[in-house]
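This report describes selected spaces and one residue of the structure shown below.

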Amino acid sequence: MYAIRIIGAGSIGNHLANAARSYGWRVTLTDNDPAALERTRTSIYPQRYGAWDDGIVLKDSRAAMSEPADVVFIGTPPDSHIPLANAVLDAVTPRVLLIEKPLAGPDLAGCAALLERVRAKGIFAGVGYNHVLGRNTVLAEEVLRGGITGPVATISARTREHWGGIFKAHPWLSGPSDSYLGFSSRGGGATGEHSHGINIWQHFANAVGAGRVTEVTAVLEMQRQAGTEYDSLSYALLTTEGGLTGDVIQDVVTAPADKSCRIQGRDGFIEWRVNHSPGHDAVRHGTGDKAEETLIAKTRADDFKAEIAHLQDVLAGKVSHSPIALERGLDTMMVIAAIFKSHHAARRVRIDWSKGYVTDAIR
């Protein structure tokens with residue numbers, strides 16, 4: 001039985017706790033706010049999953065920092081991720097360090113140093129872009145390997161979702177000004193919070209052999225109200241080192257949501273969709289006027305169960321190349337940083353990967 005220590009008793013922390021318990025793991029859920037722990041025990045967890053699970057141990061984050069665990073998960077606001085990751089590595093050496101997305105703010109502070117430290121420790125580190133582990137992603141990759149698209153011409157990804165759902169899951173927040181969500185510099189706004197869109201675009205670009213993103217042209221719709229400063233809409237045109245060009249649109253205003261990615265080839269297409277219909281993800285593919293659709297039953301909890309199942313394979317030594325590895329999360333961070341640089345400079349920017357995960361690599 002594996003043990004996981006979760007830092008942060010918010011929505012994601014509760015999801016991971018439930019997923020880990022469904023696999024029989026020992027779970028310690030921690031937070032530095034006693035009110036958050038009480039809210040977890042009496043409200044969030046029982047309302048979502050039917051009853052509180054007495055097998056979950058609740059503790060103060062600071063008091064539990066030196067406690068060993070196979071997996072340590074950091075599910076706090078993005079601007080605290082890297083400081084907390086370093087604090088974890090100062091105290092213990094878990095076999096797996098998992099950090100919720102996005103990894104950091106767009107300034108990339110501490111990103112390169114964290115990667116060096118993780119490599120020196122010889123542990124697996126990942127970032128929680130769990131859509132790449134979903135059954136719809138696995139099926140889309142299988143169809144892609146079958147060659148239905150022919151040479152791929154472009155990829156278009158969308159994570160367009162009104163963030164009312166986020167606040168519904170966090171009723172103790174009155175709006176974006178109450179958390180990092182209303183501040184792009186802290187990892188909030190459309191580009192950071194909804195960066196599943198960027199990440200899935202990169203995932204499929206890697207799958208078709210197009211390589212990493214080297215050029216970014218972006219436009220943001222910035223909002224400044226009630227003390228906040230965030231991007232409500234994010235439009236990015238991406239080009240890879242292999243010459244593939246496509247686009248990513250993310251926003252916090254669209255309802256109903258559109259979470260999708262379309263791989264368009266010379267001969268056909270593949271469409272990857274999340275929450276395509278109530279209780280289902282989907283994969284559509286076809287050539288010409290013929291299209292086939294496969295519905296995949298899924299609950300929100302399944303996203304996190306897939307994450308835990310993947311970590312079990314990592315711990316068992318069954319994974320050689322993980323789609324949620326820290327390096328993949330850092331690749332997404334570089335595009336996030338490039339989007340902000342492009343918007344503020346009002347021009348296309350280039351990413352020089354030889355310089356590493358630093359802002360000086362974006363020009």
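## Terms and model

In the classes used here, Ala, Val, Leu, Ile, Met, Phe, Trp, Tyr, Cys and Pro count as nonpolar, Asp, Glu, Lys and Arg as charged, and the others, Gly among them, as polar. The model is predicted: local features need pLDDT of at least 70 and side-chain atom pairs pLDDT 80 or more, while totals for chains, interfaces and linings use all residues. Residues are numbered from 1 along each chain as its sequence is written, and side-chain values use heavy atoms, without hydrogens and water.

## The second largest pocket

A pocket is an open set of points on a 1 Å grid over the protein atoms alone, with protein on both sides within 12 Å along at least five of seven lines; lining residues have an atom within 4 Å of a point. The second largest pocket has a volume (the space filled by probe spheres set on the points, which are joined across faces, edges and corners) of about 170 Å³. Its lining has 13 residues, and Gly-134, Arg-135, Lys-298, Asp-302 and Ala-306 are the closest to its centre. By class, four lining residues are nonpolar, four polar and five charged.

Helices (H or I, at least four residues) and strands (E, at least two) are DSSP runs, numbered from the N terminus. At least two lining residues come from each of α6 (135-145), β14 (290-297) and α10 (300-315); α10 gives the most, three residues.

## Ser-61

Ser-61 lies in helix α3 (residues 61-64). Ser-61 counts as buried (under 20% relative accessible area, 1.4 Å probe, protein chains only) because its relative accessibility is 7%. Beyond its neighbours within four places in sequence, Ser-61 is in contact (heavy atoms within 4.5 Å) with Ile-7, Thr-30, Asp-31 and Asn-32.

Key. 1 Å grid on protein atoms, 1.4 Å probe; cavity = no way out; pocket = protein on both sides within 12 Å on 5 of 7 lines; lining within 4 Å. Buried < 20%, exposed > 50% of the residue type's maximum accessible area, 1.4 Å probe, protein only.
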